[in-house]
Amino acid sequence: LSYDTTHVKMFVIKHYNLDPEKIKVVHWGIDPCNPAYFMNYQSQINKKDKIILFLGRITIQKGPDYFVEAARKVIDHYPDVKFVVAGSGDMLPRMIHRSAELGMAEKMLFAGFLKGNDVHKAFQMADLYVMPSVSEPFGLVALESIKNGTPVLISKTSGVSEVLDHALKVDFWDVDKMANQMISVLRYSDLHQELKENCAKEANIFNLDEPARKTIDIYKHALSIHQPAS
């Protein structure tokens, strides 16, 4: 999708009956200079198991329930894996209960809310970051993941899916395909390495300069068309 046909823009046009020409979309960027990206953190968990990460608010819009269902399917075919859940929210108790109900309490590690360098450590210890959001205007966390060198599996309804080329993408409700893509990354080292290398290159595209420039251009255009006639 181009900058003029994004999911959120189309939603706004449809529900507020607005002129498409009055809406300009600027996708977010990310600070490329954070030293935390270069910590090369390793976890003791990595010595035995692969790690798949869910990081974000644990609310219905983030799709944690779909993540749990897909995780069960992954374990059935690839048992040497741990699922790390970092975050807090109203669906956390339900997520914990469902994990126990599916018999994978030992496979789901709940890290709680993380901040600062601990967020980057979580990305760097993971083999794959999964963002199965039901609704996600953008999804900056996916850019943080690739900047930390971790491949991503993201929902097609996220705004970031419009700008990331080297990412695995899935419908949030399709837990079978979600699980299959997770298994492929875990099982095939060549695929994992290719995703890792390509997302590392793509991460260099995203910075704060381009969004700032586009925002300034939009303000200038808005001012020019509202200048009083002389």
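Here is a walk through this predicted model, from its strands to its cores and then to its charged pairs.

Let's start with strand 4, which covers residues 128–131. Its side chains take turns: Leu-128 and Val-130 point one way, while Tyr-129 and Met-131 point the other way. Whichever way they point, all of these residues are buried. So what does strand 4 pair with? On strand 1, the pairing is parallel and uses two bridges. Look for Ile-52, which stands opposite Leu-128 of strand 4. Strand 4 also runs parallel to strand 5 (residues 152–155), and three bridges join these two. Here Met-131 has Ile-154 of strand 5 as its bridge partner.

Now follow the chain from strand 4 through helix 5 to strand 5: together they make a right-handed β-α-β unit. Helix 4 (residues 117–125) belongs in this picture too. Its buried residues are Val-119, His-120, Ala-122, Phe-123, Gln-124 and Met-125, and they pack against strand 1, strand 4 and helix 5.

Next, the greasy parts. In soluble globular proteins, nonpolar side chains tend to be buried together. In this model, the largest nonpolar core has 31 residues. The residues with the most contacts inside it are Ile-52, Phe-67, Val-74, Phe-83, Met-108 and Met-182. You have already met Ile-52 as the residue opposite Leu-128. Which elements give two or more residues to this core? They are strand 1, helix 2, strand 2 (81–86), strand 4, strand 6 (168–170) and helix 6 (175–187). Helix 6 gives the most, with seven residues.

To see this core up close, pick out Val-74. Leaving aside residues up to four places away in sequence, Val-74 touches Val-81, Phe-83, Ala-179, Met-182, Ile-183 and Leu-186. Apart from this core lies another one, made of 28 residues, among them Leu-55, Ala-86, Ala-122 and Tyr-129. Two of those names have come up before: Ala-122 is one of the buried residues of helix 4, and Tyr-129 is one of the buried residues of strand 4.

Finally, turn to the charged side chains. Side chains of opposite charge can pair when their charged atoms come close. Across the whole structure, a search finds 10 salt bridges. One of them joins Lys-62 to Glu-136, with their closest N and O atoms 2.9 Å apart. This pair links distant parts of the chain, 74 residues apart: Lys-62 sits in the loop between strand 1 and helix 2, and Glu-136 in the loop between strand 4 and helix 5. Are these two buried or exposed? Lys-62 has a relative accessibility of 15%, so it counts as buried. Glu-136, at 10%, counts as buried as well.

Other salt bridges sit inside a single helix. In helix 8 (residues 209–225), Arg-213 and Glu-210 lie three residues apart, about one turn of the helix. Their closest N and O atoms are 2.6 Å apart. Arg-213 is partly exposed, with a relative accessible area of 40%, and Glu-210 is partly exposed too, at 34%. Elsewhere, salt bridges with shared partners tie Glu-69, Arg-98 and Glu-101 into one network. Within that network, Glu-101 and Arg-98 meet at 2.5 Å, N to O. Both lie in helix 3 (residues 92–101), again three residues apart. Arg-98 has a relative accessibility of 28%, so it counts as partly exposed.

Conventions
Residues are numbered from 1 along each chain as its sequence is written. This is a predicted model: local features need pLDDT of at least 70, side-chain atom pairs count only at pLDDT 80 or more; totals for chains, interfaces and linings use all residues. Side-chain values use heavy atoms; hydrogens and water are left out. A salt bridge is a side-chain nitrogen of Lys or Arg within 4 Å of a carboxyl oxygen of Asp or Glu. Helices (H or I, at least four residues) and strands (E, at least two) are DSSP runs, numbered from the N terminus. Buried means under 20% relative accessible area, exposed over 50%, partly exposed in between (1.4 Å probe, protein chains only). Contact means heavy atoms within 4.5 Å. Two strands pair if DSSP finds at least two bridges between them. A crossover is right-handed if, with the strands pointing away from the viewer, the path from the first strand over the helix to the second runs clockwise. A nonpolar core is a set of buried Ala, Val, Leu, Ile, Met, Phe, Trp, Tyr and Cys residues joined through side-chain atoms within 4.5 Å.
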